[in-house]
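Here's a quick tour of a protein model for anyone just starting out. Have a look at the picture first, then read on.

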Amino acid sequence: MLKRLFKRNKPSRPIDNASVPEGRRVYAIGDVHGRNDLLNNLIEKILADDGGRSAAESEIIFLGDLIDRGPDSAQVIETTMKLKENAGAVRFLMGNHEEVYLEAVRGEEKAVRFFNRIGGRETILSYDITMKEYIGLDMAQLAERMPSLVPQHHIDFVSAFENMITIGDYAFVHAGIKPGIALTEQEPKHLRWIREEFLEEDSPHEKVIVYGHTISDNVVEANNRIGIDTGAYESGKLTALVLEGSERRYLDTGT
């Protein structure tokens with residue numbers, strides 16, 4: 001009980017007082033979901049923004065769910081791999097869709113079934129398989145096909161994604177955190193899947209939580225969190241949060 005109370009009494013940080021360390025500039029990108037066109041557009045905006053400002057230690061953080069739903073998941077993985085190779089300071093969080101992807105590519109039939117239900121069909125079709133072949137396979141056959149369909153370098157890349165990144169007064173996660181639990185003791189299942197319990201909590205957390213996972217028409221700024229999943233795969237609006245000192249601003253692909 002005392003341990004639980006201690007966790008709840010960790011220092012908290014409301015959004016209006018939050019900052020990142022001096023000399024750093026952070027670009028956090030919301031859920032891409034297979035929209036390689038939007039990703040390339042937003043990367044151009046980020047590079048132009050960064051190049052037009054004073055020198056800083058700049059980095060890009062992807063909040064997870066690079067894949068599924070949109071048409072170009074395999075291409076998104078290639079684009080982000082090249083971005084990391086060329087830009088260096090690029091980090092990735094594991095989303096719930098990446099979690100299921102990694103289970104499905106091992107050829108587990110149950111995982112492949114679930115993967116297809118949550119948007120994995122589009123991911124599968126972004127690899128070297130035709131619609132005719134896909135339709136002709138039953139689920140057991142598709143599961144057997146998966147390990148040879150997805151290249152190992154994609155699997156290795158996604159497998160290395162992180163669960164949480166903390167910078168200054170911010171913590172970056174995919175879905176959210178379980179309220180009342182210290183950041184250092186959060187479980188991956190909550191960081192990747194949580195929704196209502198996190199969204200309904202309005203008390204300040206140890207840090208301001210930056211997350212995706214839950215779609216909204218516009219950026220959500222609450223007392224304790226910032227949500228930047230603007231439903232890119234349907235809306236055409238892929239959003240990035242920019243943090244520099246105590247400043248917050250946004251870039252997006254919307255009209």
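What follows is a short briefing on the sheet, the cores and the salt bridges. Keep in mind that this is a predicted model. Its strands include an open sheet of 5, its largest nonpolar core has 45 residues, and it holds 17 salt bridges.

**The sheet**

- Go across the open sheet and you meet its 5 strands in the order E3-E2-E1-E9-E10, with mixed pairing.
- E3 (90-92) and E10 (247-252) are the edge strands: each has a single partner strand, so one side of each has no neighbour in the sheet.
- On average, neighbouring strands here are turned by 20° against each other, if you ignore direction.
- Zoom in on E1 (residues 24-29) and E2 (residues 57-62), and you'll find them paired in the parallel sense over 6 bridges.
- In this part of the sheet, Ile-29 sits opposite Phe-62 in E2.
- Helix H3 (residues 73-87) lies across E2 and E3, and it runs at about 145° to E3.

**The nonpolar cores**

- Some background first: in soluble globular proteins, nonpolar side chains tend to be buried together.
- In the largest core, the residues with the most contacts inside it are Ile-29, Phe-62, Tyr-101 and Met-146.
- Helix H2 (residues 36-51) is the top contributor to this core, giving 5 residues.
- Tyr-101 has plenty of partners beyond its neighbours within four places in sequence, including Ile-67, Phe-115, Tyr-127 and Val-158.
- Apart from the largest core lies another one, of 18 residues, and among them are Ile-61, Leu-93, Phe-172 and Val-210.

**The salt bridges**

- Arg-53 and Asp-49 meet through their side chains in a salt bridge, at 3.2 Å from N to O.
- These two partners sit in different classes because buried means under 20% relative accessible area: Asp-49 is buried at 13%, while Arg-53 is partly exposed at 37%.
- Arg-145 and Glu-133 form another salt bridge, with their closest N and O atoms 2.8 Å apart.
- Arg-145 belongs to helix H7 (residues 139-149) and Glu-133 to helix H6 (residues 131-136), so this pair ties together parts that are 12 residues apart in sequence.
- Arg-145 is partly exposed at 21% relative accessibility, and Glu-133 is partly exposed too, at 30%.
- Arg-249 is buried, with a relative accessible area of 13%, and it forms a salt bridge with Glu-244 at 3.9 Å between the closest N and O atoms.
- A network of salt bridges links Arg-25, Asp-49, Asp-50, Arg-53, Glu-244, Glu-247 and Arg-249.

Key
Residues are numbered from 1 along each chain as its sequence is written. This is a predicted model: local features need pLDDT of at least 70, side-chain atom pairs count only at pLDDT 80 or more; totals for chains, interfaces and linings use all residues. Side-chain values use heavy atoms; hydrogens and water are left out. Two strands pair if DSSP finds at least two bridges between them. Helices (H or I, at least four residues) and strands (E, at least two) are DSSP runs, numbered from the N terminus. Axes are lines fitted to C-alpha atoms, for helices over the stretch in contact, and angles run from 0 to 180 degrees between N-to-C directions. Contact means heavy atoms within 4.5 Å. A nonpolar core is a set of buried Ala, Val, Leu, Ile, Met, Phe, Trp, Tyr and Cys residues joined through side-chain atoms within 4.5 Å. Buried means under 20% relative accessible area, exposed over 50%, partly exposed in between (1.4 Å probe, protein chains only). A salt bridge is a side-chain nitrogen of Lys or Arg within 4 Å of a carboxyl oxygen of Asp or Glu.
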